[in-house]
Amino acid sequence: QVQLVESGGGLVQAGDSLSLSCAASGRASSYYTMGWFRQAPGKEREFVAAISTRGFTHYADSVKGRFTITRDSAKTVVFLQMSSLKPEDTADYSCAAGDGYPVTDYEYWGQGTQVTVSS
């Protein structure tokens with residue numbers, strides 16, 4: 001089992017920056033690809049970004065150039081640095097862990113952290 005705990009959400013204004021963290025613990029958590037997803041009210045959950053154990057990354061088109069995903073050297077904490085935030089970035093952000101890269105089925109999920117961007 002892998003446990004994931006997100007932190008860093010909050011209320012910001014359009015154009016601001018915000019950084020989210022996801023701490024992973026449990027069996028072999030450092031061996032998983034980590035991803036960030038978000039879900040806005042009334043919408044389906046969507047992929048935001050992912051980072052493999054070797055540092056390969058990919059992003060949703062909607063956040064490319066604005067968001068950056070990284071992980072620490074122990075590979076147990078994943079960060080999502082968000083800049084130039086827009087009201088449409090408002091959502092509940094969750095991190096997830098899965099096998100392989102790219103991941104076809106994320107096995108473990110955090111509880112989520114709310115990000116609200118006011119205009």
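Q: Why is aspartate 61 called exposed?
A: Its relative accessibility is 64%, and exposed means over 50% relative accessible area, buried under 20% and partly exposed in between (1.4 Å probe, protein chains only). So aspartate 61 counts as exposed. A word on the source: this is a predicted model, where local features need pLDDT of at least 70, side-chain atom pairs count only at pLDDT 80 or more, and totals for chains, interfaces and linings use all residues. Residues are numbered from 1 along each chain as its sequence is written, and side-chain values use heavy atoms, with hydrogens and water left out.

Q: What makes the pair of lysine 64 and aspartate 61 a salt bridge?
A: Their closest N and O atoms are 3.2 Å apart. A salt bridge needs a side-chain nitrogen of Lys or Arg within 4 Å of a carboxyl oxygen of Asp or Glu, so the pair qualifies.

Q: Why is arginine 38 called buried?
A: Because its relative accessibility is 6%, arginine 38 counts as buried.

Q: Which salt bridges does arginine 38 form with glutamate 46 and aspartate 89, and at what N to O distances?
A: With glutamate 46 the distance is 2.6 Å, and with aspartate 89 it is 2.9 Å.

Q: Why is glutamate 46 described as buried, exposed or partly exposed?
A: Its relative accessible area is 35%, so glutamate 46 is partly exposed.

Q: How do you know that arginine 66 and aspartate 89 make a polar contact?
A: Their side chains are joined at 2.7 Å. A polar contact is a pair of N or O atoms within 3.5 Å; within protein, one must be able to donate a hydrogen and the other to accept it, and residues adjacent in sequence count only if both atoms are side-chain atoms.
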